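Visitor: I'd like to go through this model with you and hear the reasoning behind each label. Could you show it to me?

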Amino acid sequence: MKFQVSFGCTLFDDMFGHEGLDLSICYTQRSVWELYGHSSPFRDSMYNPGLYLNIPMEVEGSSLTVGAEHRSNGRDDPWSRSIN
């Protein structure tokens, strides 16, 4: 079974006086449960914080979103998985 929680928050609206130029942060956590596991029901968890910039385009109502996201399972070596 999969459990996921996500949220985002706009840090800055209309940056530098440009309407629609926004900076946001987000966070997603995904966990896979092994429902029949006896001692440790979580088989795997991923933690994904991110930073995104929304850039308005010339066409009315359109925008381009660029960002960076870090992916980690929160473990130490040798089981660690971290990707930027």
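Visitor: What makes Arg71 and Glu69 a salt bridge?

Guide: Happy to start there, with the note that this is a predicted model. The closest N and O atoms of Arg71 and Glu69 are 2.9 Å apart, and the cut-off is 4 Å, so the pair qualifies as a salt bridge. By this rule the count comes to one salt bridge.

Visitor: Why are Arg71 and Glu69 called partly exposed?

Guide: The label covers values between 20% and 50% relative accessible area. Arg71 has 39% and Glu69 has 26%, so each falls in that range.

Visitor: How do you know how many disulfides the structure holds?

Guide: The structure holds zero. A disulfide needs two cysteine sulfur atoms within 2.5 Å. For the sulfur of Cys9, the closest cysteine sulfur is that of Cys26, at 11 Å, which is too far for a bond. Seen from the other side, Cys26 is in no disulfide either, with the sulfur of Cys9 as its nearest, 11 Å away. As for its surroundings, Cys9 is partly exposed, at 40% relative accessible area.

Visitor: Now the rings. Why is the pair of Phe3 and Trp33 called stacked?

Guide: By the ring rule the count comes to two aromatic pairs, and Phe3 with Trp33 is one of them. Their centres are 5.9 Å apart, and the limit is 6.5 Å, so they pair. The angle between the planes is 10°; under 30 degrees counts as stacked, so that is the label.

Visitor: What makes that pair a link between distant parts of the chain?

Guide: Phe3 sits in strand β1 and Trp33 in strand β2 (residues 22-33), with their positions 30 residues apart in the chain. Both count as partly exposed, because Phe3 has 39% relative accessible area and Trp33 has 27%.

Visitor: And why is the pair of Phe7 and Tyr27 called tilted?

Guide: Here the centres are 5.8 Å apart, with 40° between the planes. An angle under 30 degrees would be stacked and one over 60 edge-to-face, so 40° is tilted. This pair also joins distant parts of the chain: Phe7 is in strand β1 and Tyr27 in strand β2, 20 residues apart.

Visitor: Are Phe7 and Tyr27 exposed or partly exposed?

Guide: Phe7 has a relative accessible area of 52%; exposed begins over 50%, so Phe7 is exposed. Tyr27, at 24%, counts as partly exposed.

Visitor: Which residues make the nonpolar surface patch, and what is known about Leu51 there?

Guide: The patch is made by Leu11, Phe12, Ile25 and Leu51, and its area is about 350 Å². Leu51 belongs to strand β3 (residues 42-56). Patch residues need over 30% relative accessible area; Leu51 has 43%, so Leu51 passes that cut-off.

Visitor: Last one: what makes Thr10 partly exposed, and where does Thr10 lie?

Guide: Thr10 lies in strand β1 (residues 2-12). Its relative accessibility is 41%, between 20% and 50%, so partly exposed is the right label. Leaving aside neighbours within four places in sequence, Thr10 is in contact with Asp22, Leu23 and Ser24. For a distance across the model, the C-alpha atoms of Thr10 and Asp76 are separated by 31 Å, and these residues are 66 apart along the chain.

How values were computed. Residues numbered from 1 in each chain as written. Predicted model: local features only at pLDDT ≥ 70, side-chain atom pairs only at ≥ 80, totals over all residues. Heavy atoms only, no water. Buried < 20%, exposed > 50% of the residue type's maximum accessible area, 1.4 Å probe, protein only. Helix = DSSP H or I, 4+ residues; strand = E, 2+ residues; numbered from the N terminus. Contact = heavy atoms within 4.5 Å. Patch = residues over 30% accessible without salt bridge, like charges linked within 9 Å, V, L, I, M, F, W, Y side chains within 5 Å. Areas by Shrake-Rupley, 256 points an atom, 1.4 Å probe, with all protein chains shown as cover. Salt bridge = Lys/Arg side-chain N within 4 Å of Asp/Glu carboxyl O. Phe/Tyr/Trp six-rings, centres within 6.5 Å; stacked < 30°, edge-to-face > 60°.
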